[in-house]
Amino acid sequence: MDQKGYVMSGLSFLLAIPAIFLVAVLVDMVHIGSESQSRVLQSDATFYAAEDIEFNTPIITEKTLQKITQTVIQSGKPLEDSRLDIKNALQGEMDSLSKKYSENGGINVKCTILSVDSSPDPFKIRVKSTVYVNKGSITHNESLSQDISIIDTNYPIPDPIPFIKCKSYGGITNTSTKICYGSSLVNFLKTKNMTNAEAYENSSSSLFIKKCPYDPYIGHGNSKSFIVLKNCIETGYFHESSDGACFLCRLEGKATCPHYGFETFIVPSNSSNLNIKSAPCSIDHVIFNETSYPGKEITYYVYGVNHYRLFLDNGHRQKYGLPMY
Ligand SMILES: [Zn+2]
Ligand SMILES: [Zn+2]
């Protein structure tokens, strides 16, 4: 009996081994399960933080551009290095955003702005950055290159160049949508010895940078009685141009630059002297460049005694589909 009992307990011990092994495996599985569960949560948190930063960078950039441009138009003082200034300002904004992640979610975030530069699309600027996000054992690294709009209607950005150029010539006033030059443009053009500078007394141009939807541009003049040109001027659109300065160079007070940029019309007053048939060309980068050239009058609308005119050279007439001389 004793011997049988010994045999039985030996057998139950043998049977117990896989059971113990099974329990050990199960305990370990539960352990691994909870660990991978927390890894999932951590990687979700880092992923969402990185995604959030990617989503927010354009909005933060647009707000920063708006703020910087505002200081330029208020002071009339150009930036020395707009790319560097915007990069530094943006870095400051990203640092304070990163701080919020560590304070609220215990997530380490570092967003480094590598560069701010012109983009192939002149109505955008290119921002390159790296995003590093870390929580626990999970780290997420990302390199971003984002082309960010300067014409978002939520954050409209004024054209800085008229404010910089006219500062010393009597200054300009801006309404909610237009820049009114008063006598400043006449004074400015006279320093360049331009004939018939007075055609620009009380001239105006668009305040905010807006992209002209009438593309191809040749349609401006091909329309019946220049209706497209008239609508374009009244709304104050800007056009892509390889001669006109890009936005970042405009912040530095340059009317032309090597980058692909844009241009807009500077429109003489509708009561300007009708005897003037030739005056400085009504394109902003021509007027604000060191050397301007003249253009001949083109009347795009007449209302009573008011004549709505531009002065354009043949090059720009061709671009906008207007009759050449
Ligand atoms: Zn247009
Ligand atoms: Zn440029």
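These legends accompany several close-up views of a predicted protein model.

**Figure 1. The whole protein, before we zoom in.** Welcome to a predicted model with 9 helices and 11 strands in its secondary structure. The protein has 325 residues, and buried ones make up 37% of them. Take the contacts between residues at least 6 apart in sequence: 58% of these join residues at least 24 apart.

**Figure 2. Gln42, a residue of helix α1.** Helix α1 covers residues 2–75, and Gln42 has its place there. Is Gln42 buried or exposed? The answer lies in between: Gln42 is partly exposed, because 18 other C-beta atoms lie within 10 Å, while a buried residue would need 20 or more. Leaving aside residues up to four places away in sequence, Gln42 touches Lys135, Gly136 and Ile138. Look at Lys135 in particular: 93 residues separate Gln42 and Lys135 along the chain, yet their C-alpha atoms are 6.1 Å apart.

**Figure 3. Helix α2, checked with a ruler.** Helix α2 runs over residues 82–105, which makes 24 residues. How far apart should its ends be? At 1.5 Å a residue, the expected span is 34 Å, and the end C-alpha atoms are indeed 34 Å apart, so the two values agree. Now look for the buried residues of α2: they are Ser82, Ile86, Lys87, Leu90, Met94, Ser98 and Tyr101. A general point helps when reading such a list: an α-helix has 3.6 residues a turn, so residues three or four places apart point the same way. Just after α2 comes Gly106, with a positive phi of about 60 degrees.

**Figure 4. Strands β1 and β2, joined by a hairpin.** Strand β1 (residues 108–118) and strand β2 (residues 124–135) run antiparallel and are joined by 10 bridges. The hairpin that leads from β1 to β2 has 5 residues. To find your way along the pair, start at Val109, which stands opposite Val133 in β2. In general, strands of a sheet pair through backbone hydrogen bonds, either parallel or antiparallel.

**Figure 5. The two faces of β2, and its pairing with β3.** Which side chains of β2 point to the buried face? They belong to Ile125, Val127, Ser129, Val131, Val133 and Lys135. The side chains alternate along the strand, with Lys124, Arg126, Lys128, Thr130, Tyr132 and Asn134 pointing to the other face, and these residues are not buried. Strand β3 (residues 138–149) pairs with β2 in the antiparallel sense over 12 bridges. Here Val127 stands opposite Gln146 in β3. A hairpin with 2 residues between the strands connects β2 and β3, and in its turn Gly136 has a positive phi of about 55 degrees. You may remember Gly136 as one of the residues that Gln42 touches.

**Figure 6. The open sheet β4-β5-β6.** This view shows 3 strands that form an open sheet in the order β4-β5-β6, with antiparallel pairing. Which strands stand at the edges? They are β4 (173–174) and β6 (204–206); each has a single partner strand, so one side of each lacks a neighbour in the sheet. Strand β5 (residues 178–180) pairs with β4 in the antiparallel sense over 2 bridges. As a landmark, find Asn174, which stands opposite Ile179 in β5.

**Figure 7. Helix α4 and what covers it.** In helix α4 (residues 184–191), the buried residues include Ser184, Leu185, Val186, Phe188 and Leu189. What covers the buried residues of α4? The cover includes α3 (161–166), β9 (278–280) and α8 (284–288). After α4 comes Asn193, whose phi is positive, near 60 degrees.

**Figure 8. The open sheet β9-β10-β11.** We meet β9 again here, in an open sheet of 3 antiparallel strands with the order β9-β10-β11. The edge strands, β9 and β11 (306–312), each pair on one side only. On average, neighbouring strands of this sheet are turned by 50 degrees against each other, direction ignored. Strand β10 (residues 294–303) pairs with β11 in the antiparallel sense over 7 bridges. Within this pair, Tyr303 stands opposite Asn306 in β11.

Terms used:
Residues numbered from 1 in each chain as written. Chains lettered and ligands numbered in written order. Predicted model: local features only at pLDDT ≥ 70, side-chain atom pairs only at ≥ 80, totals over all residues. Helix = DSSP H or I, 4+ residues; strand = E, 2+ residues; numbered from the N terminus. Buried ≥ 20, exposed ≤ 12 C-beta atoms within 10 Å, placed from the backbone. Contact = placed C-beta atoms within 7 Å. Pairing = 2+ DSSP bridges. Axes fitted to C-alpha atoms, helices over the stretch in contact; angles between N-to-C directions. Expected span 1.5 Å × (residues − 1).
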